[in-house]
Amino acid sequence: MLDESIILPFTFPAPHHTLGGLVTLADDGLELEFQRRVFFSVRENTRKIRFEQIRDVRVHLVRQGWFRPKLVLLEICTRSLQPLRGVPGSVREKLWLYTGAENLDTARCLEQVLLLKLLGDPCSMPGRTA
């Protein structure tokens, strides 16, 4: 598939902004490794979101204020509530993840690869000749 795997560090939006993890592009979907607060302790969790469960992916550049650095917002929309159950930063079928502006190229690359996966291979569409 790819020579290098795409790994993107992230943090969750407020009030979970002290928690974060890594998004890794796998052969069959996205792997989320993240921290989750349970009472007064922090636990490590993993979640896999398969390509079939993803509906849309968008990357936005966000400026929070005059003296704050720019952030990159990765917005992942799923087809149902199930893949995001128990993930901080998710509301209904949407998940918002923040990363630093220095990771903008990696986030855009992840977005493009996911959009290509969602569209499927255009050469295999009916009526299309090579």
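Let me begin with a term: a residue is called exposed when its relative accessible area is over 50%, buried when that area is under 20%, and partly exposed in between. By that rule Glu52, which has a relative accessible area of 54%, is exposed. Please keep in mind throughout that what we have in front of us is a predicted model.

I will stay with Glu52 for a moment, since its side chain takes part in a salt bridge with Arg50, where the closest N and O atoms are 3.7 Å apart. Arg50, for its part, has a relative accessibility of 36% and so counts as partly exposed. These two residues also belong to a network of salt bridges, in which Asp28, Glu31, Lys48, Arg50 and Glu52 are linked.

Within that network, the side chains of Asp28 and Lys48 meet in a salt bridge, with 2.9 Å from N to O. This pair links distant parts of the chain, for Asp28 sits in the loop between strand 2 and strand 3, whereas Lys48 is in strand 4, residues 41–50, and the two are 20 residues apart. Asp28 is partly exposed at 28% relative accessibility, and Lys48 is likewise partly exposed, at 32%.

How many salt bridges does the structure hold? There are seven, and one of them joins Glu111 to Arg108, with the closest N and O atoms 3.9 Å apart. Both of these residues lie in helix 1, residues 104–119, and they are three residues apart, about one turn of the helix. Glu111 has a relative accessible area of 7%, so it is buried, while Arg108, at 36%, counts as partly exposed.

Let me turn now to the aromatic rings. A search of the whole structure finds two aromatic pairs. In one of them, the rings of Phe10 and Phe12 have their centres 5.2 Å apart and their planes at 75 degrees, and because an angle over 60 degrees counts as edge-to-face, that is what we call this pair. Phe10 is buried, with a relative accessible area of 6%, and Phe12 is buried as well, with 1%.

In the other pair, the rings of Phe12 and Phe34 have centres 5.9 Å apart and planes at 90 degrees, so this pair, too, is edge-to-face. Here distant parts of the chain are linked, since Phe12 lies in the loop between strand 1 and strand 2 and Phe34 lies in strand 3, residues 29–38, with their positions 22 residues apart. Phe34 counts as buried, at 1% relative accessibility.

Taken together, the ring pairs link Phe10, Phe12 and Phe34 into a cluster.

Definitions and conventions: Residues numbered from 1 in each chain as written. Predicted model: local features only at pLDDT ≥ 70, side-chain atom pairs only at ≥ 80, totals over all residues. Heavy atoms only, no water. Phe/Tyr/Trp six-rings, centres within 6.5 Å; stacked < 30°, edge-to-face > 60°. Buried < 20%, exposed > 50% of the residue type's maximum accessible area, 1.4 Å probe, protein only. Helix = DSSP H or I, 4+ residues; strand = E, 2+ residues; numbered from the N terminus. Salt bridge = Lys/Arg side-chain N within 4 Å of Asp/Glu carboxyl O.
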